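Please look over the protein shown here, with attention to its pocket and its surface.

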Amino acid sequence: MVKPSAEIIDYNTHMSGLRAQDFIGVTTTLHDVHEWFKKNVNADTILIGHSLNYDLKAVKIVHNKVVDTAMLFSDSPGKMPGLKLLAEKQLGKVIQVTGKGHDSTEDAQCCMQLVQKKVNWKE
């Protein structure tokens with residue numbers, strides 16, 4: 001969690017899963033995120049996620065090695081399938097249950113499984 005730099009007017013809880021009480025005690029700033037990124041991610045690091053452009057834009061980070069499941073599973077230009085739909089159709093998993101919002105860990109694990117499926121990776 002990152003401490004907002006301004007007052008949050010709408011938490012959009014039904015989509016984000018976040019509420020005002022979730023930010024109590026949060027001290028990590030955007031600067032802290034940038035510092036962590038610089039220490040832990042280099043030019044060879046591959047970021048995997050769903051619609052990562054929105055997340056990277058939110059934290060003001062540009063990175064060139066990205067595998068985005070929204071684009072990877074897109075049937076046509078400009079039409080990006082949602083992660084919930086991909087999880088159900090490609091993996092047979094139910095995620096992002098209505099009313100609970102997103103679970104970032106569950107979303108990340110799902111993205112990794114989707115990429116592994118796409119490249120036919122086996123343990």
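The report below takes up the largest pocket and then some surface residues.

This is a predicted model, in which local features need pLDDT of at least 70 and side-chain atom pairs count only at pLDDT 80 or more, while totals for chains, interfaces and linings use all residues. Residues are numbered from 1 along each chain as its sequence is written, and side-chain values use heavy atoms, with hydrogens and water left out.

The largest pocket (on a 1 Å grid over the protein atoms alone, an open set of points where a 1.4 Å probe fits, with protein on both sides within 12 Å along at least five of seven lines) has a volume of about 1,700 Å³. Its lining, meaning residues with an atom within 4 Å of a point, numbers 38 residues, and Leu-18, Asp-55, Ala-58, Val-59 and Ser-104 lie nearest the centre. The lining divides into 23 nonpolar, ten polar and five charged residues. The elements tabulated here, DSSP runs of H or I (at least four residues) for helices and of E (at least two) for strands, each supply at least two lining residues.

| Element | Residues |
|---|---|
| Helix H2 | 30-40 |
| Strand S1 | 47-49 |
| Helix H3 | 52-58 |
| Helix H6 | 104-118 |

The largest share of this lining, five residues, comes from H3.

Ile-48 lies in strand S1 and is partly exposed (between 20% and 50% relative accessible area, 1.4 Å probe, protein chains only), with a value of 32%. Asp-10, in the segment before helix H1 (13-16), has a relative accessible area of 61%. Asp-10 and Ala-20 are ten residues apart in sequence and 9.5 Å apart in space, C-alpha to C-alpha.

Terms used: Grid points are joined across faces, edges and corners, and a volume is the space filled by probe spheres set on the points. Ala, Val, Leu, Ile, Met, Phe, Trp, Tyr, Cys and Pro count as nonpolar, Asp, Glu, Lys and Arg as charged, and the others, Gly among them, as polar.
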